[in-house]
Amino acid sequence: MPSSTTPGLAWASPFSLEGGITADPAVAANADDRLSVFVRGGGSDLYVRSQKRDWTWGSWTPIAGSAGTVASSPVAVRAPDGIISVFWRGSDNSIRVARQAGLNTDSYALTQIASGAASAPAVALNADGRISVFYNGTDRALWHVYQTSVAYPSGWKQPESLAGDTAANNTLTPAAVRGGDGLIQVFVTGAANEIWGISQKAPDSTSSWSSYFIVSARNAGVVGHPTAVTDADGRIRVFWRAGNVGYHAVQPAGYGTTYQAPGTTQGKIVETPVAILAMDGRLEVFVVADTRALYVCEQKQVNGNDFADAAHLGGKLTGLPVPARYHDNRIVVAYHGSDNAAWAIHQVFA
C-alpha cells in the first residue's frame, strides 16, 4: 500500500460502491458524521448511499421527486444546523436543491432555486452559515443565489448576476471557497482560457463583490474548470490544468486578491487537480494521470508551495476525484469508475 502524508496511515486498494452512475459523485457528512454519497443515476435521477451506524455502507436509495431532472454532477454541503443540501443543474437549465427532511435521514425535500444555468453549481458556506450557490449562466455571466436568513430552513434570494464573461466556457463549473478571512471567493475559466476570481468585500456580504482579478497567467491555455481549497493557515489555493500540466496559485499572507505566481504539481495529467487538507495540516492533491489512474501529490510542508512526486493510488477514473473525510478524519476519495459504478479509495491505519 502507498504511504500517506499523515504518519501511521496508508492508502488501501480501491473498493466499489456499485451502482450505475453517469457523472462525478458528491459526498457530505451527516450530523452524526456518517458519510452520504450522491450520484446521478442512468435515468438522470438522484441517488444516495449512506454509511450505517457500524460505518459499513447501506444500499442505494432514489431521492423521491428527482426522476429525470438531473443533468449534472451533484454537489453537497452540510449547513450548521446539521442538514445536508444537495444541488445540481436540472435538465431544463434550472438549479435544484434536495434538502434533508431531518437529521441523519435519507429523505429529502426538493426545490428549484434558479433558472438559466449552463453549468453545474458550486457551493460555499458564508461565515454566518448561510449557503451560497454559484453557477455560470446561459448568458455567459457568473450568477449566484443564496439563503436569505440564518434561520433554518431558510428561503432563497432571487438569483443575482456577478457579471463577467465565460463565453464558451460557461458550461464549466465554477469553484467557490471561503478563506480564513471569512470571505468567499469564486473562480471561473474565463473567455480567454484564463482563471479569474471574484471576492466578497466583507464576510457575509452576499450582494457586495470585488472586481474580477486574474489568478492564472495571461493566455494560460486553461482546460476545464478550476478547483479551490484552503491551506492550514486559511489562505485559498486555486488549482487548474493547462495541457497535461497541473497548476496552483495561493493567496499571499494577509489574504487578498493578488495571488502569488503559479507553481506546478507533479506528473502528466488529464483532469484538474483536486485537493483536501489532511489531518497533519498538509494538502493532499489528487490528480488523474494520462492512464486515467489516480495519483496523489503531497504538500511537502504545511502551507508550502512545493509538492512531492505523484504516488500511484490505482483505480480507473472517468472524471474528477472527490475527496472527503471519515468521522476519524481519514481521507476517502470517491470517483466515477470506468465501469460506470461509484468507487472509492481511502486511508487506513498502517
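Contact, in this tour, means heavy atoms within 4.5 Å. The model is predicted.

**The whole chain**

Begin with the entire chain in view. Among its contacts with a separation of 6 or more, 44% are made by residues 24 or more positions apart. Colouring by secondary structure will show 29 strands and 0 helices. The chain is as compact as a globular protein of its length, because its radius of gyration of 19 Å is close to the 20 Å that the globule rule gives for 350 residues. Taken along the principal axes, the box filled by the C-alpha atoms is roughly 50 × 45 × 35 Å. Switch to a surface display next: the accessible surface of the chain is about 12,900 Å², and carbon and sulfur atoms hold 49% of that area. Of the 350 residues, 55% count as buried.

**Strands β7, β8 and β9**

Select residues 75-78, strand β7, together with residues 84-89, strand β8; the two pair in the antiparallel sense over 4 bridges. They form a hairpin with 5 residues between them. In its turn, G82 has a positive phi of about 85 degrees. Two bridge partners can be picked out here: R78 with I84 of β8, and V75 with F87 of β8.

Keep β8 selected and display its side chains. In a regular strand, side chains alternate between the two faces of the sheet. Which residues of β8 lie on each side? I84, V86 and W88 are on one side, while S85, F87 and R89 are on the other, and all are buried. In the count for the strand, 6 of its 6 residues are buried.

Now add residues 95-100, strand β9, which pairs with β8 in the antiparallel sense over 5 bridges. R89 has I95 of β9 as its bridge partner. This second hairpin also has 5 residues between its strands, and N93 takes a positive phi near 65 degrees.

**Two open sheets**

Move to the sheet whose 4 strands follow the order β15-β16-β17-β18, with antiparallel pairing. Its edges are β15 (175-178) and β18 (213-214); each has a single partner strand, so one side of each is left without a neighbour in the sheet. Inside this sheet, select β16 (residues 184-189) and β17 (residues 195-199), which are joined by 5 bridges and run antiparallel. Q185 stands opposite S199 in β17.

From β17, follow the chain into the loop that leads to β18, and select S211 there. Is S211 buried or exposed? It counts as exposed because its relative accessibility is 61%, and exposed requires over 50%. Leaving aside neighbours within four places in sequence, S211 is in contact with G197 and I198. For a sense of scale, draw a distance from S211 to G20: their C-alpha atoms lie 42 Å apart, with the two positions 191 residues apart in sequence numbering.

Another open sheet has 4 strands in the order β19-β20-β21-β22, again with antiparallel pairing. Its edge strands, β19 (227-230) and β22 (263-264), each pair on one side only. Strand β21 (residues 245-250) runs antiparallel to β22 and is joined to it by 2 bridges. Y247 stands opposite T264 in β22.

**The nonpolar cores**

In soluble globular proteins, nonpolar side chains tend to be buried together. The largest nonpolar core here has 15 residues, and those touching the most other members are L17, V27, L35, V37, W60 and V332. Two or more residues of this core come from each of β4 (35-40), β27 (322-325), β28 (331-336) and β29. The strand that gives the most is β4, with 3 residues. Centre the view on L17: not counting residues up to four places away in sequence, L17 touches V37, R49, W57, W60, A342, W343 and A344. Apart from this core lies another, of 14 residues, including V270, L294, L317 and I331.

**Last stop: H346**

Finish with H346 in strand β29, residues 342-349. H346 is buried because its relative accessible area is 17%, below the 20% limit. Display the side chain of Y326 as well: a polar contact of 2.8 Å joins it to the side chain of H346. Beyond neighbours within four places in sequence, the contacts of H346 are A10, W11, A12, F15, Y326, R330, I331 and V332.

Terms used: Residues are numbered from 1 along each chain as its sequence is written. This is a predicted model: local features need pLDDT of at least 70, side-chain atom pairs count only at pLDDT 80 or more; totals for chains, interfaces and linings use all residues. Side-chain values use heavy atoms; hydrogens and water are left out. Buried means under 20% relative accessible area, exposed over 50%, partly exposed in between (1.4 Å probe, protein chains only). A polar contact is a pair of N or O atoms within 3.5 Å; within protein, one must be able to donate a hydrogen and the other to accept it, and residues adjacent in sequence count only if both atoms are side-chain atoms. A nonpolar core is a set of buried Ala, Val, Leu, Ile, Met, Phe, Trp, Tyr and Cys residues joined through side-chain atoms within 4.5 Å. Two strands pair if DSSP finds at least two bridges between them. The radius of gyration is taken over C-alpha atoms; the globule rule is 2.2 Å times the number of residues to the power 0.38. Accessible areas come from the Shrake-Rupley method with a 1.4 Å probe; for residues, only the protein chains shown count as cover.
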